[in-house]
Amino acid sequence: MIKNTLLLALTIILSTACANIAGNEIAPTYNLKSNTRGLFIDPITSDSLEQVNMLLDKQWYFTEVLTLNGKPDMDVNSCKTLSKATMENYKSTSYQTKSILKTFKKTCSTWHDMGLLTPSKESFLSSFKHGLALPKQMPSELALIISNDDERRLAKASSWEEMSHIKKVEPVNDGQAMYYDNSGGIQRLTIMAKGDYNQDGIEDIILRMSNSVKGGSYSSSYSYIVTRLAADAPYTLIKQF
């Protein structure tokens, strides 16, 4: 009887401990409002995994027709149809359409990876804040890369600041800011989501960067997944696309 009572008590203690661990997990968070206008007429705000995943099927406000020799044309009007067209090697004969779809493919890939985030057990991202200090902590891959010389410098640089020499930061909202470097580069950095991407229990952050140059026609966009492994550590790049 005593043995059974001890086993029951131990079971209750372990169950309570597991419940506390689960209760202390940090749920993923999402911000999509600032990155959906190019595909949908109205910006979309999403705060759940289900809503993020729905974006991959949601129809865009426009349709692009892609071709492949010997096969019927394919209408591309969602992330899902774009993924299918890409896998089957459908192409566009228009350079402008190719460029647009290349950018949208990165957006779709970002949403896909946001859908893979799981709860975290701990986080070192609480001090993340847009400002002049951030480029000193971020990996060099976030820098604006235009020339071959930039590529060579990137291989040796240790931070975004070392590459770009940010001189001014203008907050747009809590999750987005404009970064201006000393050579005319303009970078809009947006927090897209937070959560555990690589299943190590530590919270990661997904960022979206839109690049341009003052007075020029250059533009590009990239997404990054970065993490911080300690409160005073620099940010580490997990993935770039």
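These legends go with a set of close-up views of a predicted model.

**View 1. A disulfide joins helix H3 to helix H4.**
Begin with Cys79 and Cys108, whose sulfur atoms sit 2.1 Å apart and form a disulfide. The two partners come from distant parts of the chain: Cys79 belongs to helix H3 (residues 79-87) and Cys108 to helix H4 (residues 95-114), with their positions 29 residues apart in sequence. The torsion about the S-S bond of Cys79 and Cys108 is about -75°, so this disulfide is left-handed. Both Cys79 and Cys108 are buried. If you look for further disulfides, the search of the whole structure finds just this one.

**View 2. Helix H3 has a buried side and, on the other side, exposed residues.**
Stay with H3 and look around its axis. Cys79, Leu82 and Ala85 are the buried residues to find here. They span an arc of only 125° around the axis, which means that they lie on the same side of H3. A general rule helps here: an α-helix has 3.6 residues a turn, so residues three or four places apart point the same way. On the other side of H3 you can find Lys80 and Met87, which are exposed. And what covers the buried residues of H3? The cover includes strand S2 (64-68), strand S3 (71-76) and H4.

**View 3. Two residues that are not glycine take a positive phi, Asn89 and Gln199.**
Most residues other than glycine have a negative phi, which makes this pair worth a pause. Asn89 comes just after H3, in the loop between H3 and H4, and its phi is near 65°. With 48% relative accessibility, Asn89 is partly exposed. Gln199 has a phi of about 60°. Find Gln199 in the loop between strand S6 (185-195) and strand S7 (204-213), where its relative accessibility of 52% makes it exposed.

**View 4. Asp196 is a buried charged residue with no salt bridge.**
Asp196 is in the loop between S6 and S7. Which side chain of opposite charge is nearest to Asp196? That is Lys121, 6.5 Å away; a salt bridge needs the nitrogen and oxygen within 4 Å, so this pair does not make one. Backbone nitrogens do lie close by: that of Gln199 is 3.0 Å from a polar atom of the Asp196 side chain, and that of Asp200 is 3.4 Å from one. Leaving out residues up to four places away in sequence, Asp196 also touches a group of others, among them Leu116, Thr118, Ser120 and Ile202.

**View 5. Lys106 in helix H4 is buried without a salt bridge too.**
Here the charged residue is a lysine, found in helix H4. For Lys106, the nearest side chain of opposite charge belongs to Glu151, 11 Å away. Setting aside neighbours within four places in sequence, Lys106 is in contact with Arg208, Ser221, Tyr222, Ser223 and Phe241.

**View 6. Salt bridges link Lys239 to Asp113, Lys84 to Glu88 and Asp149 to Arg152.**
How many salt bridges does the structure hold? There are five, and this view shows some of them. The side chains of Lys239 and Asp113 meet at 2.7 Å, N to O. Because Lys239 lies in strand S9 (residues 236-240) and Asp113 in helix H4, this pair ties together parts that are 126 residues apart in sequence. Lys239 is partly exposed at 30% relative accessibility, whereas Asp113 is buried at 3%. Lys84 and Glu88 also meet at 2.7 Å, N to O; Lys84 is partly exposed, at 43%, and Glu88 is partly exposed as well, at 28%. In the bridge between Asp149 and Arg152, the closest N and O atoms are 3.9 Å apart. Both of these residues lie in helix H6 (residues 148-154), three residues apart, about one turn of the helix. Asp149 is partly exposed at 40% relative accessibility, while Arg152 is exposed at 54%.

**View 7. Thr63 and Asn77 come together in space.**
Thr63 sits in the loop between helix H2 (49-54) and S2. Thr63 and Asn77 are 14 residues apart in sequence, yet their C-alpha atoms are 4.6 Å apart. Not counting residues up to four places away in sequence, Thr63 touches Asp75, Val76 and Asn77. The relative accessible area of Thr63 is 40%, so Thr63 is partly exposed.

Key
Residues numbered from 1 in each chain as written. Predicted model: local features only at pLDDT ≥ 70, side-chain atom pairs only at ≥ 80, totals over all residues. Heavy atoms only, no water. Disulfide = S-S within 2.5 Å. Helix = DSSP H or I, 4+ residues; strand = E, 2+ residues; numbered from the N terminus. Buried < 20%, exposed > 50% of the residue type's maximum accessible area, 1.4 Å probe, protein only. Arc of directions from axis to C-beta. Contact = heavy atoms within 4.5 Å. Lys, Arg positive; Asp, Glu negative; His and termini not counted. Polar contact = N/O pair within 3.5 Å; in protein donor to acceptor, adjacent residues only side chain to side chain.
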